[in-house]
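Please open the model in your viewer and keep the sequence panel beside it. The stops below are meant to be selected one after another, beginning with a single loop residue.

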Amino acid sequence: MGSGASGFMSAITAAKAGSKVVVLEKAGNLAAVNGVKVSGPFAVNTPVLRERGTTLTVNEVFQHVMNYTHWEPNSALIRNYLEHSSEAVENLLEIGYQFKEANFRFKTPFVDEKGGFHLILTDVDKRVRLWTEAYEKYGCSLIRQPKKF
């Protein structure tokens with residue numbers, strides 16, 4: 001797997017469960033990985049949201065997303081993502097990320113007490129270090145190969 005956001009989460013989750021994990025990253029440096037640079041994830045029922053008193057539920061988001069998309073996406077996949085979205089935030093908190101709940105930069109119905117966007121407060125350089133340390137902590141082998149053009 002690669003070391004983008006989903007590759008990182010997959011690697012850490014599999015390693016925690018006892019799997020031997022090899023991460024193949026085409027960039028020579030984790031700072032080049034987009035998942036390290038994102039502003040933050042959308043998730044439901046996380047420690048950050050519970051602490052703030054956010055009342056957003058999986059079902060509310062699921063109904064909104066499915067109605068907005070006219071039920072065209074795979075509904076089981078969308079529901080599964082939403083039901084497990086908090087695990088990504090929990091993994092990032094565990095390795096040292098800091099978040100605050102914030103409204104999206106664009107208009108959605110998910111604001112204030114119904115918010116679910118987690119703005120990452122941890123600077124990018126520290127995120128790179130945290131990802132590297134997490135791979136080491138959980139025994140993931142990280143192989144970096146600069147992309148050749």
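Start by selecting Asp112, which counts as partly exposed at 41% relative accessibility; please keep in mind throughout that this is a predicted model. Asp112 sits in the loop that runs between β2 (99-102) and β3 (117-120), and if you display its backbone you will find a positive phi of about 50 degrees, although Asp112 is not a glycine.

**The whole chain**

Now zoom out and colour the protein chain by secondary structure, where you can pick out 6 helices and 4 strands. Followed along the sequence, these elements come in the pattern α-β-α-α-α-α-β-β-α-β. The C-alpha atoms fill a box of roughly 40 × 35 × 30 Å along the principal axes, and the radius of gyration of the protein chain is 16 Å, in agreement with the value near 15 Å for a compact globule of 149 residues.

If you switch to a surface view, the accessible surface of the protein chain comes to about 8,700 Å², with 54% of that area belonging to carbon and sulfur atoms. Of the 149 residues, 37% count as buried. Among the contacts in the protein chain with a separation of 6 or more, 66% are between residues 24 or more positions apart. Should you colour by charge, there are 18 positive and 15 negative charges to find, and the mean positions of the two sets are 6 Å apart.

**Helix α4 and what covers it**

Select residues 58-68, which form helix α4, and show the side chains of Val58, Val61, Phe62 and Met66, which are buried. How do these buried residues lie when α4 is seen down its axis? They fall within an arc of 120 degrees, and so they line one face of the helix. Add α5 (75-95) to the selection, since this helix is included in what covers the buried residues of α4.

Within α5, select Ser75, which counts as partly exposed at 30% relative accessibility. Leaving aside neighbours within four places in sequence, Ser75 is in contact with Phe62 and Met66, both of which are buried residues of α4. As a further check in the viewer, draw a C-alpha to C-alpha distance from Ser75 to Asn34, which should read 27 Å for two residues that are 41 apart in sequence.

**The loop after α4**

Move next to His70, which lies in the loop between α4 and α5. Is His70 buried or exposed? With a relative accessible area of 62%, His70 is exposed. The backbone deserves a look here as well, for His70 has a positive phi of about 55 degrees although it is not a glycine, a description that recalls Asp112, where the positive phi is about 50 degrees.

**A pair distant in sequence**

For the last stop, select Lys26 in the loop between β1 (22-25) and α2 (34-37), where this residue counts as exposed at 53% relative accessibility. Then add Gln145 and draw the distance between the two C-alpha atoms: Lys26 and Gln145 are 119 residues apart along the chain, yet these atoms are separated by 4.7 Å.

Technical notes:
Residues are numbered from 1 along each chain as its sequence is written. This is a predicted model: local features need pLDDT of at least 70, side-chain atom pairs count only at pLDDT 80 or more; totals for chains, interfaces and linings use all residues. Side-chain values use heavy atoms; hydrogens and water are left out. Helices (H or I, at least four residues) and strands (E, at least two) are DSSP runs, numbered from the N terminus. The radius of gyration is taken over C-alpha atoms; the globule rule is 2.2 Å times the number of residues to the power 0.38. Buried means under 20% relative accessible area, exposed over 50%, partly exposed in between (1.4 Å probe, protein chains only). Contact means heavy atoms within 4.5 Å. Accessible areas come from the Shrake-Rupley method with a 1.4 Å probe; for residues, only the protein chains shown count as cover. Lys and Arg count as positive and Asp and Glu as negative; His and the chain ends are not counted. The place of a charge is taken as NZ of Lys, CZ of Arg, CG of Asp or CD of Glu. The arc is that of the directions from the helix axis to the C-beta atoms.
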